[in-house]
Amino acid sequence: MEKFVKLVSTCVKNGITDLHVRTGQPVAVRRNGHLHFQREIVFEAAEMEDLLRRLTSERQRRQLAERWSVDFSAALQDAQMRLNAFYTADGLGLAVRFLPSVVPDFESLNLHPSLRDLCSLHHGLILICGPTGNGKSTTIAAMIREVNQTRSAHVITLEDPIEYRFSSEKALMDQRELGAHFLSFEQGLQDVLREDADVIMVGELRDPETMRLTINAAEAGHLVIATLHAGTPEEALLRLCNAFGEGSQDFARAQIASCLAAVVVQHMEVLPRVGFRAPVLSILRSNNSVKNIIRENRFNQLESIMQAGRGEGMFTFERYREDFLDQKPNLTPPTVAFRPSAKTPPPRLAEAPLLLTPPQPAPAFQAPTPFQAPSAAAPTPPLAPAGSGGPGAPRLDEVQQIGPYRIDDETPLEELVAQMRGKTS
């Protein structure tokens, strides 16, 4: 474990964004989008097993044994990490994504201040889109930080896994992790509608049912912030529409048009003038023109709407570079946003208890009987010997002789009545 801690500390100090550890193979790191091997650093099988045992909980180890992979987060003294453990032909592997140890603000991430306006909305759907590994989670974390510091609201996050830990400031924060606090995003979204939420964050829209429930939550009057894998606003909205059946497309477009607040697409680029990566955004804000385009299925016109919507806070990728990044005199390097924190790492997440035995069915309800104190003068009668019975009680042989009666379609009714009379006489 000490070897891994030193490696993580070195990565954080040198602006490494990703770390790849394989059993018996040289460690690889990613910096500014490029992979580099550290051939002198190798983890053997015993070291990998000990490392996973120390980093994961019992539930996560069980998931790794059952699924052969597991997503989780961890915090060391100077690093916050999102990890994926998995099996390969070489044995255990570990992919580590480094996150800022302190939740960053928009300025330190070189994000446009218009994103702050989105955080003041009280209802609607905000989609944060882009390829994997381009900072979507960190952008959402900055938005949740803004809500937490400026609004008296109840914020509930549904994540897989929880990456940034928030303490309630002006807002009430509840963070839930898939597998630890809810079983599926469908269940989590159904739960959150009954938990008095003002702001809902959905970690990722992966399947059609989750997309439909997310749209329903936004239409119900919540501010919903969610991530989606899409390269353009047009692609993002088409993916939402495709979550509905072919016969429901008109309804889907009307529902999305009524609740959509914004689509933000983000990818990272190395800027030559500063020598490090910064986010480049495309921002679509909802207005009457956008709503009409969505309802009328004219998604190919969204690009022209963004070009004409400069005064409403809309950007294409090209104009974002020209009007914001190129005009910004000082850009913050990632080493500042990802700098180690002097704060104590947050404690391990509390998890729902594991059911070690299957739940037993509840006993049948019995009406309570009035309490009667036992009488000392009335001794308990002795048990009657077998076969003696009491007055009027049938003997065992009599009980066995009564019934059952054979009833079928071939037996005449008169014969059946005669059998019954003979048995009971």
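**View 1. The hairpin of β2 and β3, with Asn-32 in the turn.** Two residues sit between these strands, and Asn-32 takes a positive phi near 55 degrees. This is a predicted model, where local features need pLDDT of at least 70, side-chain atom pairs count only at pLDDT 80 or more, and totals for chains, interfaces and linings use all residues. Residues are numbered from 1 along each chain as its sequence is written, and side-chain values use heavy atoms, leaving out hydrogens and water. Strands here are DSSP runs of E with at least two residues, helices are runs of H or I with at least four, and both are numbered from the N terminus. Strands count as paired if DSSP finds at least two bridges between them; β2 and β3 run antiparallel and share six. One of the matches puts Val-29 across from its bridge partner in β3, His-36.

**View 2. His-20 and its partners on two neighbouring strands.** On one side, His-20 stands opposite Ala-28 in β2; on the other strand, β6, its opposite number is Ala-95. The β1–β2 pairing is antiparallel, with three bridges, and β2 covers residues 26-31. A three-residue turn closes the β1–β2 hairpin, and Gly-24 in that turn has a positive phi of about 75 degrees. β1 (residues 18-22) is also joined to β6 (residues 91-99) by five bridges, again antiparallel.

**View 3. The six-stranded sheet and the helices packed on it.** Follow the open sheet across and you read β3-β2-β1-β6-β5-β4, with antiparallel pairing. β3 (34-42) and β4 (69-76) are the edges; each has a single partner strand, so one side of each has no neighbour in the sheet. Neighbouring strands are turned by 20 degrees against each other on average, direction ignored. Angles otherwise run from 0 to 180 degrees between N-to-C directions, using axes fitted to C-alpha atoms, for helices over the stretch in contact. Contact means heavy atoms within 4.5 Å. Helix α2 (residues 45-55) lies across β1, β3, β4, β5 (79-88) and β6, at about 50 degrees to β6. Helix α3 (residues 58-67) touches β4, β5 and β6, and its direction makes about 150 degrees with that of β4.

**View 4. The seven-stranded sheet, with α6 and α8 lying across it.** This one is open too, in the order β9-β8-β10-β11-β7-β12-β13, but its pairing is mixed. Pairing on one side only, β9 (172-177) and β13 (276-285) are the edge strands. From one strand to the next, the twist averages 15 degrees. For a parallel stretch, look at β10 (residues 199-202) and β11 (residues 223-228), which share four bridges; Ile-200 has Val-224 in β11 as its bridge partner. Helix α6 (residues 185-192) crosses β8 (154-159), β9 and β10, at about 170 degrees to β8. Helix α8 (residues 233-242) lies across β7 (124-129), β11, β12 (260-271) and β13, at about 135 degrees to β12.

**View 5. Helix α5, largely enclosed by the rest of the structure.** Of its 15 residues, 11 are buried, so the helix is largely enclosed. Buried means under 20% relative accessible area, exposed means over 50%, and partly exposed is in between (1.4 Å probe, protein chains only). Among the buried ones are Lys-136, Glu-146 and Asn-148, along with Ile-140, Met-143 and Val-147. The length checks out: at 1.5 Å a residue, residues 136-150 should span 21 Å, and the end C-alpha atoms are 21 Å apart. (The expected span is 1.5 Å times one less than the number of residues.)

**View 6. Aromatic pairs around Phe-182 and Phe-315.** Rings of Phe, Tyr and Trp (its six-membered ring) pair if their centres lie within 6.5 Å; planes under 30 degrees apart are stacked, over 60 edge-to-face, and the rest tilted. That rule gives four aromatic pairs. Phe-182 and Phe-185 have ring centres 5.6 Å apart and planes at 65 degrees, so they are edge-to-face; both residues are buried. Phe-315 and Tyr-320 are edge-to-face as well, at 5.5 Å and 85 degrees. Both of these are buried, and together with Phe-324 they form one aromatic cluster.

**View 7. Val-280 on strand β13.** Val-280 is buried, with a relative accessible area of 0%. Its contacts beyond four places in sequence include Val-265, His-267, Phe-317, Tyr-320 and Leu-325. Glu-318 is 38 residues away along the chain, yet its C-alpha atom is 8.7 Å from that of Val-280.
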